[in-house]
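Thanks for making the time this morning. I would like to walk you through one model, moving from single residues out to the whole chain, so please have the structure open in front of you.

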Amino acid sequence: MFINFRIELKTMGFKHFDVFVIGTGTAGKRVAYACIDAGLKVAIADNREYGGTCANRGCDPKKVLTGFTEILDRTKKMEGKGITRGPEFSWEDLMAFKNTFVDAVPAATEKKLKKLGIEMYHQSPKFLDENTLSVEGKTVTADKIVIATGHKPMELRIPGRNHALYSDDFLNLEKLPESMIFIGAGYIGMEFAHVAARLGVKVTMLEMADRILTNFDEDMSKYLQQVSEEELGIDFIFNAKVNEIEKLRKNFRVTATQNGKEVSVKAGMVFNTAGRVPSIDELDLEKGNVEFSRKGIVVNEYLQSPSNKNVYACGDVSASEGLPLTPLSSQEARIVAANLLNKDKPKKAHFPPQPTVVFTLPKLASVGLLEAEAREKGYDFKVKHKLATDWFNAKHINEKVYAYKTLIDNKTGQVLGAHLVGPESSELINMFVMVMCGNLNCEDVKKMIFAYPSWGNDIKGML
């Protein structure tokens, strides 16, 4: 039935492509580039500005803001130790600098795609059947369809949810308000809360769980929470189920239930940072016979839909073992591209240790297993845990929080997991990745000669 329908569509003059990619972020672009280089006829579509979340409204612009607050933080810690006065700052100038990184991304992306001969569509396609899409009022067919639509903010299903802003809005604020409320203390909420608080905004965070960053090591998260409260004055309201957002004359009021009692807080702005979900609701996946779950597009070991073998998914939207991180999107895109171009020898997706970082100050980083996970898996392991503020690297910049927790297999001497909080955790965690990927014994690493004084040298004390 589907074959006959596709033949009929082709004879009616509908455009046909070898590969149709949905999504122009890191994963989608990589697949499209590989397929066009191989001589295939390729189309790509996006319902937002071309270039994806990371470059336009995620990792890159966010890091510009957090990088600026690093300067303020470092300066404040050195007051009285050589610094006599902290710097002034301009939010407007900072945002203008941030825009130099993002403003050109959509046009530059489209220019490159056009130059390569990739046909572009500016709408989210909808499946009509397993190989047929409707996009921009046109019907197109494709031998293979790749879904790389990423994630989007999870909607709050409460009255007044339209009053809540998102991380996109934070990145485009013309000026900072006096106060903000963040609903959700995950990594997105914590990162933006730290930026705001370090720039003088009074911040309150509402979280359903009993602590921040529930996917990270609890001890490391506690250190970060302590800094957030004591140094930045952030107020946390835990075990809070948000019920409503109200617009008042000047501010907004958020009402929540905490331990059976109603609590409320007011602020000039409210941000929904409760989490992100797969961006799939506009695709009509059922019509394409594409199986999906709450985690995203269900895929097999080849990142292929088991229910529709003509569909692949990669990046944040795939329900694979990969974390929703830009480096994993690139990794999965390479697998999908390889399997589209070499069908006789398909490649299986492989997921090595995946580091993840919360770009607060101090930064929190993690790779490998948490303690509870290691116990569940039956490992015989030891835990090395220390607040290392007496080490030189922390002392010479007057850093009050620098800690680690390392899980080491007693049988093999190899690292099962590493969890860090400190100024350079985002770099130091990569050292642990190399140790784990190389299956290195901790004693062998300790015998290596690293430059001193360097943050990388500290890894030997953590093993």
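Let me begin with Leu-199, which has a relative accessibility of 8% and, because buried means under 20%, counts as a buried residue. Please keep in mind throughout that what you are looking at is a predicted model. Leu-199 sits in the loop that runs between helix H8 and strand E9, the strand covering residues 202-206. Which residues does Leu-199 contact, once its neighbours within four places in sequence are left aside? They are Phe-68, Leu-72, Phe-89, Trp-91 and Leu-176. A related distance is the one to Thr-69, which lies 130 residues away along the chain, while the two C-alpha atoms are separated by 7.8 Å.

Two of those partners lead us to a pair of helices, since Phe-68 of H4 and Trp-91 of H5 also take part in the contact between these helices. H4 spans residues 59-77 and H5 spans residues 91-102, and they pack at an angle of about 145°, with 9 Å between their axes. The crossing of the two is right-handed. On the H4 side the contact is made by Pro-61, Val-64, Leu-65 and Phe-68, and on the H5 side by Trp-91, Leu-94, Met-95, Phe-97, Lys-98, Phe-101 and Val-102. Sorted by class, that contact of H4 with H5 comprises 10 nonpolar residues, no polar ones and 1 charged residue.

Going back to H8, the helix of residues 187-198, we find His-194 within it. Is His-194 buried or exposed? Its relative accessibility is 2%, so His-194 counts as buried. Setting aside residues up to four places away in sequence, His-194 touches Leu-224, Ser-228, Leu-232, Ile-234, Thr-360 and Leu-361.

Leu-361, one of those partners of His-194, brings me to the backbone. Most peptide bonds are trans, and most residues other than glycine have a negative phi. The bond that joins Leu-361 to Pro-362, however, is a cis peptide bond, with omega at about 0°. Pro-362 belongs to the loop between strand E19, residues 356-358, and strand E20, residues 363-368. There is also a cis peptide bond between Tyr-452 and Pro-453, where omega is about -5°, and Pro-453 lies in the loop between helix H14, residues 442-446, and helix H15, residues 459-462.

As for phi, I would point to two residues. Asn-239 is not a glycine, and yet its phi is positive, at about 55°; its place is the loop between strand E10, residues 235-237, and strand E11, residues 240-247. Leu-303, again not a glycine, has a positive phi of about 60°, and it is found in the loop between strand E17, residues 296-297, and strand E18, residues 311-313. As regards exposure, Asn-239 is partly exposed, with a relative accessible area of 34%, whereas Leu-303 is buried, at 1%.

The loop between E17 and E18 also holds Asn-308, which is buried, with a relative accessibility of 1%. What does Asn-308 touch, not counting residues up to four places away in sequence? The answer is Glu-130, Gly-288, Asn-289 and Val-290. If we then look from Asn-289, we find a residue in the loop between strand E15, residues 276-278, and strand E16, residues 292-293, and at 35% relative accessibility it counts as partly exposed. Apart from its neighbours within four places in sequence, Asn-289 contacts Glu-130, Ser-305, Ser-307 and Asn-308. Glu-130 therefore appears among the contacts of both Asn-289 and Asn-308, with contact meaning heavy atoms within 4.5 Å.

Let me finish with the chain as a whole. Its secondary structure comes to 15 helices and 23 strands. The radius of gyration is 24 Å, close to the 23 Å that the globule rule gives for 463 residues, so the chain is as compact as a globular protein of that length. Along its principal axes, the C-alpha trace spans about 75 × 65 × 45 Å. Of the 463 residues, 51% count as buried, and the chain exposes about 22300 Å², of which carbon and sulfur atoms supply 50%. Finally, among contacts with a separation of 6 or more, 63% are between residues 24 or more positions apart.

Note on methods: Residues numbered from 1 in each chain as written. Predicted model: local features only at pLDDT ≥ 70, side-chain atom pairs only at ≥ 80, totals over all residues. Heavy atoms only, no water. Axes fitted to C-alpha atoms, helices over the stretch in contact; angles between N-to-C directions. Helix = DSSP H or I, 4+ residues; strand = E, 2+ residues; numbered from the N terminus. Left-handed = near helix turned anticlockwise from the far one by under 90°. Nonpolar A, V, L, I, M, F, W, Y, C, P; charged D, E, K, R; others polar. Rg over C-alpha atoms; globule rule 2.2 N^0.38 Å. Buried < 20%, exposed > 50% of the residue type's maximum accessible area, 1.4 Å probe, protein only. Areas by Shrake-Rupley, 256 points an atom, 1.4 Å probe, with all protein chains shown as cover.
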